[in-house]
Amino acid sequence: MSAQTWTVSQFGELTDGEELVLVLTRDDKPTLRVPVWPVTVGGIAFVRSYLGVDSGWYRRVLAEPRQAIALERVDVPVVFEKVDAAAAVNSDIDAAFVLKYANDDYRDAMITPLALDATLRILPR
């Protein structure tokens with residue numbers, strides 16, 4: 001786990017913001033900016049790919065977990081960690097998605113087994 005912490009305003013943006021932009025780089029590819037839905041559980045930020053582990057951005061993050069996210073109009077360095085599909089926290093993550101995106105038609109796509117397998121923890125670095 002990272003020794004760094006979020007600022008209060010950064011964590012507020014992760015908790016309350018509807019979308020989070022991932023800033024993904026790789027030496028052999030152009031920077032990719034991908035909007036995703038963040039949730040927070042127990043003071044930790046999480047994202048999922050509704051397309052599962054075959055999603056392009058998800059594969060890029062697994063290949064190079066040290067990336068960035070856009071918070072407060074600044075690219076903030078982070079590290080992504082895969083969350084095991086059997087981890088107990090996943091039921092809380094499901095509940096956070098259901099609550100936060102209650103009125104969105106795509107909400108249910110974030111709590112499928114496909115998305116569950118593509119759950120990532122985001123830690124500041």
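Trainee: How many bridges join strand β4 to β7?
Mentor: Happy to start there, and keep in mind that this is a predicted model. Strand β4 covers residues 44–48 and runs antiparallel to β7. Along this pairing, Arg48 stands opposite Thr119, and Ala45 stands opposite Ile122. The number of bridges that join the two strands is four.

Trainee: Which residue of β7 stands opposite Val79?
Mentor: Val79 belongs to β6, the strand of residues 74–82. Strands β6 and β7 pair in the antiparallel sense over five bridges. The residue in β7 opposite Val79 is Leu123.

Trainee: Is strand β7 largely enclosed or open, and how many of its residues are buried?
Mentor: Let's take the two faces in turn. In a regular strand, side chains alternate between the two faces of the sheet. On one side of β7, Thr119, Arg121 and Leu123 are buried, and on the other side Leu120, Ile122 and Pro124 are buried too. Strand β7 is therefore largely enclosed by the rest of the structure, the count of buried residues being six of six.

Trainee: And how many of the five residues of β4 are buried?
Mentor: A residue counts as buried when its relative accessible area is under 20%. By that test β4 is largely enclosed by the rest of the structure, because the buried residues number four of the five.

Trainee: Which residue takes a positive phi in the hairpin of β3 and β4?
Mentor: Strands β3 and β4 run antiparallel and are joined by four bridges. One of the facing pairs is Val41 with Ile44 in β4. The hairpin has two residues between the strands, and the one with a positive phi, near 60°, is Gly42.

Trainee: Where does Glu72 lie, and is it buried, partly exposed or exposed?
Mentor: Glu72 has a positive phi of about 55° although it is not a glycine. Its place is in the loop between β5 (66–71) and β6. With a relative accessibility of 38%, Glu72 counts as partly exposed.

Trainee: What is the relative accessible area of Arg73?
Mentor: Arg73 is also found in the loop between β5 and β6. Its phi is positive as well, at about 65°, although Arg73 is not a glycine. A residue is exposed when its relative accessible area is over 50%. Arg73 is exposed, and the value is 86%.

Trainee: Which strands are the edge strands of the sheet?
Mentor: Seven strands form an open sheet with antiparallel pairing, in the order β2-β1-β5-β6-β7-β4-β3. An edge strand here pairs on one side only, and the edge strands are β2 and β3.

Trainee: By how much are neighbouring strands of this sheet turned against each other on average?
Mentor: Direction is ignored for this average over neighbouring strands. For the open sheet of seven strands, the average turn is 40°.

Trainee: Which residue in β2 stands opposite Leu20?
Mentor: Strand β1, residues 20–26, pairs with β2 in the antiparallel sense over six bridges. A hairpin joins the two strands through two residues. Val21 stands opposite Pro35, and the residue opposite Leu20 is Val36.

Trainee: Which element gives the most to the lining of the largest pocket?
Mentor: The largest pocket holds about 280 Å³ of space. Of the 14 residues that line it, the closest to its centre are Pro35, Val36, Trp37, Tyr50 and Met110. The lining divides into ten nonpolar, two polar and two charged residues. The element that gives the most, with three residues, is β2.

Trainee: Why is the pair of Trp37 and Tyr101 stacked?
Mentor: A search of the whole structure finds three aromatic pairs. The ring centres of Trp37 and Tyr101 lie 4.0 Å apart. Planes under 30 degrees apart count as stacked. The pair is stacked because its planes are at 10°.

Trainee: How many residues apart in sequence are the parts that this pair of Trp37 and Tyr101 ties together?
Mentor: Both residues are buried, and ring pairs link Trp37, Phe97 and Tyr101 into a cluster. Trp37 lies in the loop between β2 (29–36) and β3 (38–41), and Tyr101 in the loop between α3 (89–100) and α4 (113–116). The pair therefore ties together parts whose separation in residues is 64.

Terms used: Residues numbered from 1 in each chain as written. Predicted model: local features only at pLDDT ≥ 70, side-chain atom pairs only at ≥ 80, totals over all residues. Heavy atoms only, no water. Phe/Tyr/Trp six-rings, centres within 6.5 Å; stacked < 30°, edge-to-face > 60°. Buried < 20%, exposed > 50% of the residue type's maximum accessible area, 1.4 Å probe, protein only. Pairing = 2+ DSSP bridges. 1 Å grid on protein atoms, 1.4 Å probe; cavity = no way out; pocket = protein on both sides within 12 Å on 5 of 7 lines; lining within 4 Å. Points joined across faces, edges and corners; volume = space filled by probe spheres on them. Nonpolar A, V, L, I, M, F, W, Y, C, P; charged D, E, K, R; others polar. Axes fitted to C-alpha atoms, helices over the stretch in contact; angles between N-to-C directions.
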